Amino acid sequence: MVIETKRLILRPFLEGDAADVYEYLKAPAVNCFVSMKLHSLDEARKEMKKRLGETEYYFAITLRDGGKVIGEINAYPETGEPHGDENAVRDTFSPCWMMNKNFQGKGYAFEAAHAFFDYLFSQKGARRIYAYTEDYNLSSQHLCEKLGMRREGTFLEFISFVSNPDGTPKYENTVQYAILKKEWELQRSN
Ligand SMILES: CC(C)(COP(=O)(O)OP(=O)(O)OC[C@H]1O[C@@H](n2cnc3c(N)ncnc32)[C@H](O)[C@@H]1OP(=O)(O)O)[C@@H](O)C(=O)NCCC(=O)NCCS
């Protein structure tokens, strides 16, 4: 699957993307992506091989002009109900987005996320899209708000991605945003 916007092409990852991806994943900007850190170009090449089969839900965000990979976005179908059985409908998605810092502040993240939301709602059966973001991640919250997502609440000390200096888990406060398909369609029609 390929999603095109005015300035971007969202497409599946290729083996040749390793150097571009290493550029932003050698030092993930936020704790929630710490486990994705790539320690070498060689590790990036192996990671690209793992991503090759991802054709529906995991996209490289590339510049239409020149083809550079400047970030990534993904979301997978989930059941809205955490205790749903295997027959529960998977109509809920939670995106992860990340841009190379040299390409932030240019509206590319919004352009990519907007097209990705359109794709999930119109082609992948999404009923609800929600996003988790750390309470200090104002750029991600700003992006959620520009996309028309509602701030649904804050979970205090919700999750830990890194440890404190004394080895205990460092818990993060997590803000949840969400938008329903009917809300997305309403704002698209206004
Ligand atoms: C979260 C993240 C993806 C947001 O990226 P971003 O580049 O700040 O977001 P946007 O695409 O909305 O662009 C922001 C600004 O670009 C500006 N901009 C510049 N040129 C523009 C253009 N041609 N068109 C549109 N906007 C433009 C806009 O003014 C916008 O600011 P505003 O909304 O205050 O007006 C990015 O900060 C990131 O990758 N962070 C690290 C990873 C992360 O935190 N992920 C989320 C974990 S929960």
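Phe155 lies in strand β8. The model that contains Phe155 is predicted. Phe155 has 15 C-beta neighbours inside 10 Å, so the residue counts as partly exposed. A buried residue would need 20 or more such neighbours, and an exposed one would have 12 or fewer. Leaving aside residues up to four places away in sequence, Phe155 touches Asn173, Thr174 and Gln176. One of these, Thr174, is also the bridge partner of Phe155 in β9. Tyr57 is 98 residues from Phe155 along the chain. The C-alpha atoms of Phe155 and Tyr57 are separated by 26 Å.

The strand that carries Phe155 pairs with β9. Nine bridges join β8 to β9, and the two strands run antiparallel. β8 and β9 form a hairpin with five residues between the strands. In this hairpin, Gly167 adopts a positive phi near 90°.

β8 and β9 belong to an open sheet of four strands. The strand order is β5-β7-β9-β8, and the pairing is mixed. The edges are held by β5 (92–93) and β8 (150–163). Each edge strand has a single partner, so one side of each is left without a neighbour in the sheet. α4 packs on this sheet and touches β7 and β9. The direction of α4 makes about 160° with that of β7.

Strand β7 (residues 128–134) and strand β9 (residues 169–180) are joined by seven bridges. Their sense is antiparallel. Ala131 has Tyr177 as its bridge partner in β9. Ile129 stands opposite Ile179, again in β9. The pairing of β5 with β7 is parallel and extends over two bridges. Here Thr92 stands opposite Arg128 in β7.

A further open sheet is formed by five strands. Its order is β1-β2-β3-β4-β6, with antiparallel pairing. β1 (3–4) and β6 stand at the edges, each with a single partner strand, so one side of each lacks a neighbour in the sheet. Strand β4 (residues 69–74) is joined to β6 by four bridges, and these strands run antiparallel. Ile73 stands opposite Trp97 in β6. A helix, α3, lies across β1, β2 (8–11), β3 (58–63), β4 and β6. α3 runs at about 35° to β4.

The ligand is considered next. It is surrounded by 20 residues. The closest are Gln104, Gly107, Ala109, Phe110 and Ser139. Three elements give two or more residues to this shell: β6 (96–99), α3 (108–123) and α4 (138–146). α4 contributes the most, with five residues. The shell thus draws on elements from the two sheet regions: β6 is an edge strand of the five-strand sheet, α3 lies across strands that include β6, and α4 packs against β7 and β9. By residue class, the shell divides into 10 nonpolar, eight polar and two charged residues.The overall fold can now be described. The protein has five helices and nine strands in its secondary structure. Along the sequence, these follow the pattern β-β-α-α-β-β-β-β-α-β-α-β-β-α. The radius of gyration is 17 Å, close to the 16 Å that the globule rule gives for 190 residues, so the protein is as compact as a globular protein of that length. The C-alpha trace spans about 45 × 40 × 35 Å along its principal axes. Of the 190 residues, 27% are buried. Among contacts with a separation of 6 or more, 61% come from residues 24 or more positions apart.

Definitions and conventions: Residues numbered from 1 in each chain as written. Predicted model: local features only at pLDDT ≥ 70, side-chain atom pairs only at ≥ 80, totals over all residues. Near = placed C-beta within 6 Å. Nonpolar A, V, L, I, M, F, W, Y, C, P; charged D, E, K, R; others polar. Rg over C-alpha atoms; globule rule 2.2 N^0.38 Å. Contact = placed C-beta atoms within 7 Å. Pairing = 2+ DSSP bridges. Axes fitted to C-alpha atoms, helices over the stretch in contact; angles between N-to-C directions.
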